[in-house]
Structure formats: structure tokens, C-alpha cells
Amino acid sequence: MSLDFIRTHVRETTVTTQAFSPAKINLYLRIIGKRPDGYHELETVMLPLDFGDTMTFESRAVGIELTCDDRRLPTDGRNLVVRAAQLLGHAGVKISLQKRTPLAAGLGGGSSNAATTLLTLGMSESPAHLHALAAQLGSDINFFLAGGAALCRGRGEIVEPIACNLSAAILLVNPGFGISTKWAYESWAKTESRLTVTRPAVSLLTRALADDDLAGVCQSLYNSLEAPSVGKFPVLELLKQAMFAGGAAGAMMSGSGATVFGLFADAAAAERCAVEIRGQFGPSMWTQVTEFLRTAR
């Protein structure tokens, strides 16, 4: 396990560690069906991004305290960060979260924060134990623990690393509202039988990622949750069309939304499109140009 994203400083009896907590996008999200345990069986390809949150961990005598610069985010036991620290049995730590990833955005911010907590506070634990804890907390946390691009199955906890040489620039656009994951999956269940979108084979996507074939990647994008979300929030389709008009080779909603991403041949084109989208839709549109995070944790 690499510590590239974890920086530790010791001052007298206090140990302070700062860590990067990356966001992600789903290039492929196929819902196979609902499982007996209430979760959904998935097949998804996710990429970590060179964009995300910053977390600072400071040792203390006793108690787990979480603070966040975004007051909308709960900092008690409802937060996955606190629950991850509790699962590790950590006696005392103050965690400060500098939030850059939008909330309920389909970018995995909360899951990444939990994984970063497990990695930082659980350095002495085996990878197998950390993955077992991650599976108890949520579906995407195992992906962030593993680091790198991956094909995930089960409810997301079965992680298969894949080769990825994608050099495309990635434009993220969030319309300023979140979409409940619970609502998204329930809406998919209600509309599944009426969906007519052709699903590409995931193997086409993984091959294109390995070959840095941008056209092949864009031809293989798929998200089971996109159609019901676009049906309720038409602005998501308008954002996709604006990205295509701005030169994107492909565009799609990430995860359960509401963030839409576009893939561009270069960062300059992505930045120009971001400016055009803010001009067309207004300054409330959150935009970020980033890329695939090549360095594993």
C-alpha cells in the first residue's frame, strides 16, 4: 500500500497527518438486479480522479471528533468518516475535512473520505482486514481502498484492478443539486422494463481504457441510472448536449448523479467548455477540469 497521499508530521506528543481523498467517476454502471439482502448487484467501472478533498488527522488523548468546512455535512455518527474510525477502534483523533467534492453528486466523496480514514488510521492493519471493514460501511469504499481504475462487482465491494492509460481531460459539471441514491435505484426499478438503451459489453470499455482509445471509451459509456434521472431532471441532458457542442468526445452522468462528466482530447478544450456552460446555464453551475489519477494509493 503506497503512502503517496499521506503526509505525517510529529510535533512533541501530537501526530498530524494530511491525506488526499480523491473523487471518482463511473464510466460504466450496469444494475443487474436486486439482491436478497436489499442491495443491488452491480457491474461498474470506476476511475479515481486527480481532484478531491483534503483530510487532516490529529492525534488526541480520547474521543473521535470530525469537523468540516461545509456545514451541510453531518459530523456525527451519521458520517462514514466517524463510523470508519469507530470500526477501527481508534481511541482518540480529531479529523478535519476540507470539502471540495459536491455533496450527493455521484462522485463518491463520502466513500472516499471513509476509505482515506481507514487507510490513514489503519496503517498497521492488513489490507484484507481494511477491506472487510470497508464492506461493512458502504459499496464504493473498497474501490477507493484499492486505488487505481477498477471493474467492481457484487454491490461494489468485489474489486478487480484494470489497466488504464486514459489521457483525456475530464470536465465535471454539477447543476447545484444532489440526487438521492435511494431514489435513483428505486426509479430504475420502476422504469427498467421500459428502458431501450443498448448496453455495450464492459470488455469493450476495459480494452479501450488500456489502449488510451478515447473514441472506444466514449462508445462504451453506460449508466443504468441515467435515464430515470434525466427523466426527472432534464437539465442533465442539456448539460450533456452542451458538452458535446463544446467538443466533448463523450458525456454521461456519473453514478447516481447529479454530476455530469465530459471526456475531452485536451484540458484546454475542457476549460473552454466549462466557461461556455457557466455562461449558458449561470454561475451556479459548479465545474471542475481534472484527469484520471494515475498514482495509486
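In which loop is Ala-104 found? In this predicted model, Ala-104 belongs to the loop between β5 (92–98) and α2. Ala-104 is worth a look on the way in, as its phi is positive, at about 50 degrees, although the residue is not a glycine. A second backbone feature appears further along the chain, where the peptide bond from Gly-257 to Ala-258 is cis, with omega near 15 degrees. Ala-258 likewise sits in a loop, here the one between β10 (250–253) and β11 (260–264).

The loop that holds Ala-104 leads to α2, and the packing of this helix comes next. Helix α1 (residues 80–87) and helix α2 (residues 109–121) have axes that come within 8 Å and cross at roughly 30 degrees. Angles under 35 degrees count as roughly parallel, so α1 is roughly parallel to α2. The crossing of these two helices is right-handed. On the α1 side, the residues that meet α2 are Leu-80, Val-81, Ala-84 and Ala-85. Their partners in α2 are Gly-110, Ser-111, Asn-113, Ala-114, Thr-117, Leu-118 and Leu-121. Sorted by class, this contact of α1 with α2 holds seven nonpolar and four polar residues, with no charged ones.

Helix α1 also packs with helix α3 (residues 127–137), at an angle of about 140 degrees and with the axes 11 Å apart. That angle makes α1 oblique to α3. Here, too, the crossing is right-handed. From α1, the contact draws on Leu-80, Arg-83, Ala-84 and Leu-87, while α3 contributes Leu-133, Gln-136 and Leu-137. The classes in this contact of α1 with α3 are five nonpolar, one polar and one charged. Leu-80 and Ala-84 are thus found in the contact with α2 and in the contact with α3.

Attention can now turn to the open space in the model. The largest pocket encloses about 1,100 Å³. Its lining comprises 43 residues, and the closest to the centre of the pocket are Leu-80, Ser-111, Asp-140, Thr-181 and Ser-256. Two of these names are already familiar from the helix packing, for Leu-80 of α1 and Ser-111 of α2 take part in the contact between those helices. Strands as well as helices furnish the lining: β2 (14–34), β3 (40–59), α1, α2 and α5 (181–191) each supply at least two residues. By class, the lining of the largest pocket divides into 16 nonpolar, 20 polar and seven charged residues.

Terms used
Residues are numbered from 1 along each chain as its sequence is written. This is a predicted model: local features need pLDDT of at least 70, side-chain atom pairs count only at pLDDT 80 or more; totals for chains, interfaces and linings use all residues. Side-chain values use heavy atoms; hydrogens and water are left out. Axes are lines fitted to C-alpha atoms, for helices over the stretch in contact, and angles run from 0 to 180 degrees between N-to-C directions. Helices (H or I, at least four residues) and strands (E, at least two) are DSSP runs, numbered from the N terminus. Angles under 35 degrees count as roughly parallel, over 145 as roughly antiparallel, 65 to 115 as roughly perpendicular and the rest as oblique. A crossing is left-handed if the near helix is turned anticlockwise from the far one by less than a right angle, and right-handed if clockwise. Contact means heavy atoms within 4.5 Å. Ala, Val, Leu, Ile, Met, Phe, Trp, Tyr, Cys and Pro count as nonpolar, Asp, Glu, Lys and Arg as charged, and the others, Gly among them, as polar. On a 1 Å grid over the protein atoms alone, a cavity is a set of points where a 1.4 Å probe fits but cannot get out, and a pocket is an open set with protein on both sides within 12 Å along at least five of seven lines; lining residues have an atom within 4 Å of a point. Grid points are joined across faces, edges and corners, and a volume is the space filled by probe spheres set on the points.
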